[in-house]
Number of protein chains: 2
Amino acid sequence: MTLIPPATDLVRLDLPRPYLLFLGDVTEAGYAKTAFGLRDWAREHCVGELSFANAISVGLPKLTPAEARACGARSMVIGVANVGGRILDSWLPSLLEALAAGLDIVSGMHARLAATPALAAAAERHHRRLIDVRTPPRDIPIASGRKRSGKRLLAVGTDCALGKKYTALAIARALQQRGVDSDFRATGQTGIMIAGTGIPMDAVVSDFEAGAAELLSPAAAPNHWDVIEGQGSLFHPAYAAVSLGLLHGSQPDVIVVCHQPGRTHMLGHLQFALPSIEETIRLNLQLGQRTNPAIRCGGVSLNTSQLSESEARDLIAAESRRLQLPVADPIRGGPEFERLVDHCLEIA
Amino acid sequence: MTLIPPATDLVRLDLPRPYLLFLGDVTEAGYAKTAFGLRDWAREHCVGELSFANAISVGLPKLTPAEARACGARSMVIGVANVGGRILDSWLPSLLEALAAGLDIVSGMHARLAATPALAAAAERHHRRLIDVRTPPRDIPIASGRKRSGKRLLAVGTDCALGKKYTALAIARALQQRGVDSDFRATGQTGIMIAGTGIPMDAVVSDFEAGAAELLSPAAAPNHWDVIEGQGSLFHPAYAAVSLGLLHGSQPDVIVVCHQPGRTHMLGHLQFALPSIEETIRLNLQLGQRTNPAIRCGGVSLNTSQLSESEARDLIAAESRRLQLPVADPIRGGPEFERLVDHCLEIA
């Protein structure tokens with residue numbers, strides 16, 4: 001087995017933490033997913049929130065940039081998204097106030113922070129950084145396809161936006177609680193802010209997609225686990241290239257298939273029926289075998305957020321019998337989720 | 001059926017032709033593939049060649065930039081490649097001479113032409129363009145997955161660099177000779193220079209890969225054929241993401257599988273066995289069905305350049321019997337190739 005030297009310096013963004021979460025004028029939780037994700041999964045790295053009157057709250061202390069700085073904050077994270085991914089003019093006074101208070105600004109928006117001239121000028125004046133986490137590292141190598149030491153788990157999905165990030169985070173947390181040496185490997189902007197590091201896989205040039213995935217989970221100790229956030233779906237008519245490059249480069253020993261019960265069509269593509277869980281398992285194992293012949297399915301993660309507790313419990317039990325695999329909702333947890341994590345550890 | 005308006009303005013580079021081919025100091029044909037490709041497939045767009053003493057020749061008239069300009073040339077194409085894809089210092093005097101003579105410069109190298117300060121300055125001084133064909137168009141949309149009118153053929157492969165471009169060019173030429181309304185759609189730098197337009201698919205950000213393929217072969221008349229140059233291989237551990245995005249976005253009605261007899265391992269990846277032709281057909285049909293359920297295999301293109309005429313003829317006949325499909329070497333042509341083209345037209 002050839003060990004590839006870990007090129008983690010290329011991956012490590014080393015985001016300045018702790019964060020102040022910026023919520024702006026957002027009134028719907030759906031547009032503040034990043035802020036909620038950070039509150040749920042990186043609470044220890046968030047000192048507070050900054051939002052306008054009438055905006056939603058994620059329940060953290062309300063702080064001005066100066067107060068946040070006094071509490072140790074090193075950056076303000078734009079925790080909201082809008083259609084188009086643009087920096088709104090109404091946000092500018094708060095962003096400028098944060099820079100003046102000594103905070104860097106971290107953004108996962110499509111638009112580059114420095115493309116707003118007032119921000120670029122203020123950052124230079126105050127010697128602060130404008131950090132766009134959607135910018136991939138430079139000099140990503142072409143994938144080698146060589147097997148790396150250590151164990152890898154990849155969350156894959158029947159579709160986009162149904163729980164791959166939360167599933168990977170929950171499994172990573174469960175492994176750490178069991179004392180298993182492990183890392184969560186982030187592949188999207190919110191995951192990267194939570195982990196403080198990672199690679200925005202959908203922003204990588206396609207020739208380097210698998211190479212970026214190799215870089216993201218470098219060779220590690222034999223018992224170390226990388227729990228890798230998935231992206232898209234092999235069945236998605238727009239994003240399958242991202243999913244396949246990530247699958248090939250990650251070389252997972254274990255996949256966990258994520259699904260949202262009741263979803264019948266691909267998000268934003270109503271002419272495409274959702275694949276079944278079984279089809280999704282089969283295709284990921286089939287294609288994943290190319291770079292890791294030992295790949296196996298560790299179980300199924302159901303996003304039952306739209307079901308009642310008893311409906312969720314019944315469905316999880318029924319699906320587990322039907323598929324003959326551990327099935328759980330990682331957010332609900334419980335013994336089903338413990339069994340899923342056990343199974344992943346056993347089969348790799 | 002929803003017709004997407006052809007966004008060809010985004011694709012059309014409108015490369016300035018005819019070309020003067022620059023060969024520099026290259027002594028091995030393998031490093032001058034672009035120049036040979038242009039000579040073979042766009043002879044009518046090449047007025048001559050410029051090479052140093054002792055360098056190879058592609059057999060075109062030897063012209064200085066000024067002579068080429070007088071013969072109507074509008075640009076000089078860098079027809080050679082080196083490891084690393086860099087502009088060599090020894091080329092600079094010729095490139096500057098070309099700009100001074102009134103020629104634009106066209107490059108398919110990884111390095112941007114304008115990154116060489118002397119070139120950037122000279123181009124500005126002489127009001128000439130430095131054109132990097134590896135730069136994808138801006139504002140590529142996310143793929144819609146919607147079926148487009150017109151017929152599409154995609155050359156796919158068991159591996160990289162075994163004849164997908166030549167196969168697509170030969171089929172496009174054969175269709176034109178039969179009076180079939182058709183276009184060759186280029187996806188790599190040499191193909192783009194030959195066609196004068198196209199999208200460098202391996203340089204597209206992975207989230208937009210399928211969207212770029214949709215843009216490349218826009219909705220067309222029902223009997224129009226797009227013959228699309230393939231990239232990589234679904235089995236390649238580094239480049240499969242490119243191949244899958246291109247397959248999904250191209251929505252081919254017909255694939256032609258390209259293979260080089262005798263190749264046993266993936267190029268540059270000796271630990272990966274080459275897939276069989278049958279496996280390659282199966283996987284491309286399986287995954288291609290996602291965006292075009294009517295996808296079919298039109299035949300197999302063998303690169304028999306390393307075999308004698310009689311060896312090639314015997315192998316082509318044997319493979320055709322074994323696979324129960326038309327098999328041909330498009331470069332050798334002959335009745336086998338005519339049958340392959342017939343079959344592609346019949347099944348779509």
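This is a short guided tour of a predicted model with two chains, A and B, moving from the interface to a few backbone details.

Before selecting anything, note that residues are numbered from 1 along each chain as its sequence is written, and that chains are lettered from A and ligands numbered from 1 in the order in which they are written. Because the model is predicted, local features need pLDDT of at least 70 and side-chain atom pairs count only at pLDDT 80 or more, while totals for chains, interfaces and linings use all residues, and side-chain values use heavy atoms, with hydrogens and water left out.

**The interface**

Select both chains and look at where they meet: 37 residues of chain A are in contact with 37 residues of chain B, contact meaning heavy atoms within 4.5 Å. The area buried between chain A and chain B is about 2,900 Å², with carbon and sulfur atoms giving 55% of it; buried area is the accessible area (1.4 Å probe) that two parts lose on being put together, summed over both. Next pick out Ser206(A), Asp207(A) and Arg290(A), which supply 23% of the area that chain A buries against chain B, more than any other three residues.

The rule finds 0 salt bridges across this interface, where a salt bridge is a side-chain nitrogen of Lys or Arg within 4 Å of a carboxyl oxygen of Asp or Glu. Now colour chain A by its helices and strands, which are DSSP runs (helices H or I, at least four residues; strands E, at least two) numbered from the N terminus. On the side of chain A that touches chain B, helix H9 (240-250) gives the most, with 6 residues.

**Helix H10 in both chains**

Select residues 277-288 in each chain to see H10(A) and H10(B), whose axes come within 13 Å and cross at roughly 145°; axes are lines fitted to C-alpha atoms, for helices over the stretch in contact, and angles run from 0 to 180 degrees between N-to-C directions. Show the side chains here, and you will find Leu283(A), Gln286(A) and Leu287(A) meeting Leu283(B), Gln286(B) and Leu287(B).

**Backbone details**

Go next to Arg17(A) and Pro18(A), which are joined by a cis peptide bond with omega about 5°, and notice that Pro18(A) sits in the loop between helix H1 (8-11) and strand E1 (19-24). In chain B, the peptide bond from Arg17(B) to Pro18(B) is cis as well, with omega near 5°. Finish at Asn54(A), which has a positive phi of about 75° although it is not a glycine, and which is found in the loop between strand E2 (46-51) and helix H3 (65-70) of chain A.
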